[in-house]
Amino acid sequence: MSERSVSKQKSGKRWYTLIAPEQFDRTEIGSTFADEPEKVDGRTVEVTLGDITGDQGENNTKLTFKVNEVTSDAAYTEFIKHELARDYVRSLVRRGASKVDVAITVLTTDDYRVQLQPVAFTTKKADRSQEKAIRRVMIDLVEEAAAERTFEELVDSVIEGRLSSAIYGEAKTIYPLRRVEVQKLTLEARPEEVAAEEEAAVDVDEEDVAVDDA
């Protein structure tokens, strides 16, 4: 055993196996080193979708998880972000064509606040009114998807490509498209955080109400 290994053992540090949420079949997604379980809580780990599914064709999709529960030798995580690799997105851009994107913040049926960023690539250069119409389709379909789905269901629809396919099917009637992707999905707030923000907003509104003493 090396002096370095002995030193680490004496310091009380140990490895914790990082576990993906049940939505991702509790797959092992790595490990992290710490001397206290409390120091593991809140750490993030980024893996590719291919790392989880075993399909190397899905390595262009990056998933980020955050530790929210720690046991004696394992750290359980929650999903917080889906993002396409920048090199992959750049590879879809073509000279003489349009890239149409938008950021949309929505609330799921179980009160998770999420931001999604769909992007469409046209076959040729679209004009401004056509790009605006495509963005409107993106906004409407993303809002509709969130209004009908839980956070987990919305994430599944993005990762499995169902949401991008729905956008493609409707937006291609406005202008010919080559491809549609959801380039990023980010968890902005959990239900308890959303509720706290709403409560704080109500408190502020009540304080701002003028009182007539007359």
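**Figure 1. The largest pocket takes at least three lining residues from each of domain 1 (14–83) and domain 2 (85–194).** Those domain bounds come from an automatic or database assignment. This is a predicted model, with residues numbered from 1 along each chain as its sequence is written. Local features need pLDDT of at least 70, side-chain atom pairs count only at pLDDT 80 or more, totals for chains, interfaces and linings use all residues, and side-chain values use heavy atoms, with hydrogens and water left out. The space in the largest pocket comes to about 350 Å³. A pocket here is an open set of points on a 1 Å grid over the protein atoms alone, where a 1.4 Å probe fits and protein lies on both sides within 12 Å along at least five of seven lines; lining residues have an atom within 4 Å of a point. Points are joined across faces, edges and corners, and the volume is the space filled by probe spheres set on them. Of the 18 lining residues, Thr61, Leu84, Tyr88, Arg179 and Glu181 are the closest to the centre of the largest pocket. Two or more residues each come from E5, helix H5 (151–159), helix H6 (162–171) and strand E9 (177–189), and E9 gives the most, with four. Helices (H or I, at least four residues) and strands (E, at least two) are DSSP runs, numbered from the N terminus. By class, this lining has eight nonpolar, seven polar and three charged residues, where Ala, Val, Leu, Ile, Met, Phe, Trp, Tyr, Cys and Pro count as nonpolar, Asp, Glu, Lys and Arg as charged, and the others, Gly among them, as polar.

**Figure 2. The second largest pocket holds about 230 Å³ of space.** Its lining has 14 residues, and Gln23, Glu78, Phe79, Tyr112 and Phe151 lie nearest the centre. E5 and H5 are the elements that give two or more residues, with E5 giving the most, at three. The split is five nonpolar, four polar and five charged. Here too, domain 1 (14–83) and domain 2 (85–194) each supply at least three residues.

**Figure 3. Phe65 and Phe79 make an edge-to-face pair.** Rings of Phe, Tyr and Trp (its six-membered ring) pair if their centres lie within 6.5 Å; planes under 30 degrees apart are stacked, over 60 edge-to-face, and the rest tilted. By this rule there are six aromatic pairs. The Phe65 and Phe79 ring centres sit 6.0 Å apart with planes at 70 degrees. Phe65 is in strand E4 (residues 61–70) and Phe79 in strand E5 (residues 74–84), 14 residues apart. Phe65 is buried at 0% relative accessible area, and Phe79 is buried at 4% (buried is under 20%, exposed over 50%, partly exposed in between, with a 1.4 Å probe and protein chains only). Both belong to one aromatic cluster with Phe24, Tyr112 and Phe151.

**Figure 4. Trp15 and Phe33 form a tilted pair.** Their ring centres are 4.7 Å apart, with planes at 50 degrees. The pair links strand E1 (residues 14–19), home of Trp15, to strand E2 (residues 28–34), home of Phe33, 18 residues apart. Trp15 counts as exposed, at 51% relative accessibility.

**Figure 5. Asp25 and Arg26 have positive phi values.** Phi is near 60 degrees for Asp25 and about 50 degrees for Arg26, and neither is a glycine. Most residues other than glycine have a negative phi. Asp25 sits in the loop between E1 and E2, as does Arg26. Asp25 is exposed at 66%, while Arg26 is partly exposed at 42%.
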